[in-house]
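Student: Got a minute to go through a structure with me? I'd like to talk about side-chain contacts.
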Amino acid sequence: MRKKIMICDDDPGILEMMEMIICEYGFDAFTESNSLNVLNGLEREKPDLLLLDIWMPLLSGDQVLKNIKADLQFAELPVIMYSASSEGLAIAQSAGADGYIAKPFDLDDLEAKIRQFIA
């Protein structure tokens, strides 16, 4: 059975690109553009990994991650955060992310980071 990855980003172009890339890597992908709906998506889809943008309206990625880690059913879910911000790595680390990728993405780095968490 193929592993499933959820991608959360408020930018439709990034979502579309990431979904295509993830599928090319041999994983199933589904997307969520509204950060307020992430927990519902996790409950519905039961992904093996979450790719999470840091800078989003309504609820930022670090706030979303804190909610995820506080929920016992998702506390162990690997989460890789990403951002174009120079502060992205520090934010991801302080929020408890399992990994971080800087935008613009290096596609080999993205794939390696994903495979590090789901074999």
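Student: Which residues are linked in a network of salt bridges?
Tutor: K4, R44 and E45 are. A salt bridge here is a side-chain nitrogen of Lys or Arg within 4 Å of a carboxyl oxygen of Asp or Glu.

Student: What am I looking at, and how was it filtered?
Tutor: This is a predicted model, where local features need pLDDT of at least 70, side-chain atom pairs count only at pLDDT 80 or more, and totals for chains, interfaces and linings use all residues. Residues are numbered from 1 along each chain as its sequence is written, and side-chain values use heavy atoms, with hydrogens and water left out.

Student: Back to the network. How far apart are K4 and E45, N to O?
Tutor: Their salt bridge has an N to O distance of 3.3 Å. K4 sits in strand β1 and E45 in helix α2 (residues 38-45), so the contact ties together parts 41 residues apart in sequence. Helices (H or I, at least four residues) and strands (E, at least two) are DSSP runs, numbered from the N terminus.

Student: And R44 with E45, what's the N to O distance there?
Tutor: That salt bridge comes in at 3.6 Å.

Student: Is R44 buried or exposed?
Tutor: Exposed, because its relative accessibility is 55%. The cut-offs: buried is under 20% relative accessible area, exposed over 50%, partly exposed in between (1.4 Å probe, protein chains only). K4, at 23%, counts as partly exposed. E45 is also partly exposed, at 26%.

Student: How many salt bridges does the structure hold?
Tutor: Six. One of them joins R2 and D28, at 2.9 Å from N to O. R2 lies in the segment before β1 (4-8) and D28 in strand β2 (residues 28-32), so this pair connects parts 26 residues apart in sequence.

Student: Why does R2 count as partly exposed?
Tutor: Because its relative accessibility is 42%. D28 is partly exposed too, at 33%.

Student: New topic: aromatics. How many pairs turn up in a search of the whole structure?
Tutor: One. Y82 and F105 have ring centres 5.2 Å apart and planes at 70°, so the pair is edge-to-face. Rings of Phe, Tyr and Trp (its six-membered ring) pair if their centres lie within 6.5 Å; planes under 30 degrees apart are stacked, over 60 edge-to-face, the rest tilted.

Student: Where do Y82 and F105 sit?
Tutor: Y82 is in strand β4 (residues 79-83), and F105 is in the loop between β5 (99-102) and α5 (107-117). The two are 23 residues apart, and the pair links distant parts of the chain.

Student: Are those two buried or exposed?
Tutor: Both Y82 and F105 are buried.
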